[in-house]
Amino acid sequence: MNGARQPATRRTEDALVYLPHKPVVEYRRGQLIYDESQPSNGIYLVVRGRVKTSVPTEDGSHTVIEIFAAEDFFGESGLLNLQHRG
């Protein structure tokens, strides 16, 4: 032994293991994930594909707010427990 100290090996853990989560759910193109009548109560992670968020307009059409892709989170307002959320 030459007296030099060997660096300690550190085991790292995945912090996501400790967070509550639900199973992966697949949605079809155009399928509604949540709206005012069925509000979100959590956040969503896009694993594959894209998710478009929109709001209805007075004439019945929708205005796109944002498009989320893989590894994006959306629906954070569901965590705020607001009375009016879409």
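Does Tyr34 count as buried or exposed, and at what relative accessibility? In this predicted model, Tyr34 has a relative accessibility of 17% and therefore counts as buried, since the cut-off for that class is under 20%.

The structure holds four aromatic pairs, and a pair of this kind is described by the distance of the ring centres and the angle of the planes. For Tyr34 and Phe74, the ring centres lie 6.3 Å apart and the planes stand at 15 degrees, so the pair is stacked, the criterion being planes under 30 degrees apart. This contact links distant parts of the chain, given that Tyr34 belongs to the segment before strand 1 (44–45) whereas Phe74 is located in strand 4 (residues 73–74), with the two positions 40 residues apart in the numbering. Phe74, with a relative accessibility of 4%, likewise counts as buried.

Phe74 also pairs with Tyr44, and here the centres are 5.1 Å apart while the planes are again at 15 degrees, so that this pair, too, is stacked. Because Tyr44 lies in strand 1 and Phe74 in strand 4, the pair ties together parts that are 30 residues apart in sequence. Tyr44 has a relative accessibility of 22% and therefore counts as partly exposed, a class that spans the values between the 20% and 50% limits.

Taken together with Phe68, the residues Tyr34, Tyr44 and Phe74 form one aromatic cluster.

Technical notes: Residues are numbered from 1 along each chain as its sequence is written. This is a predicted model: local features need pLDDT of at least 70, side-chain atom pairs count only at pLDDT 80 or more; totals for chains, interfaces and linings use all residues. Side-chain values use heavy atoms; hydrogens and water are left out. Rings of Phe, Tyr and Trp (its six-membered ring) pair if their centres lie within 6.5 Å; planes under 30 degrees apart count as stacked, over 60 as edge-to-face and the rest as tilted. Helices (H or I, at least four residues) and strands (E, at least two) are DSSP runs, numbered from the N terminus. Buried means under 20% relative accessible area, exposed over 50%, partly exposed in between (1.4 Å probe, protein chains only).
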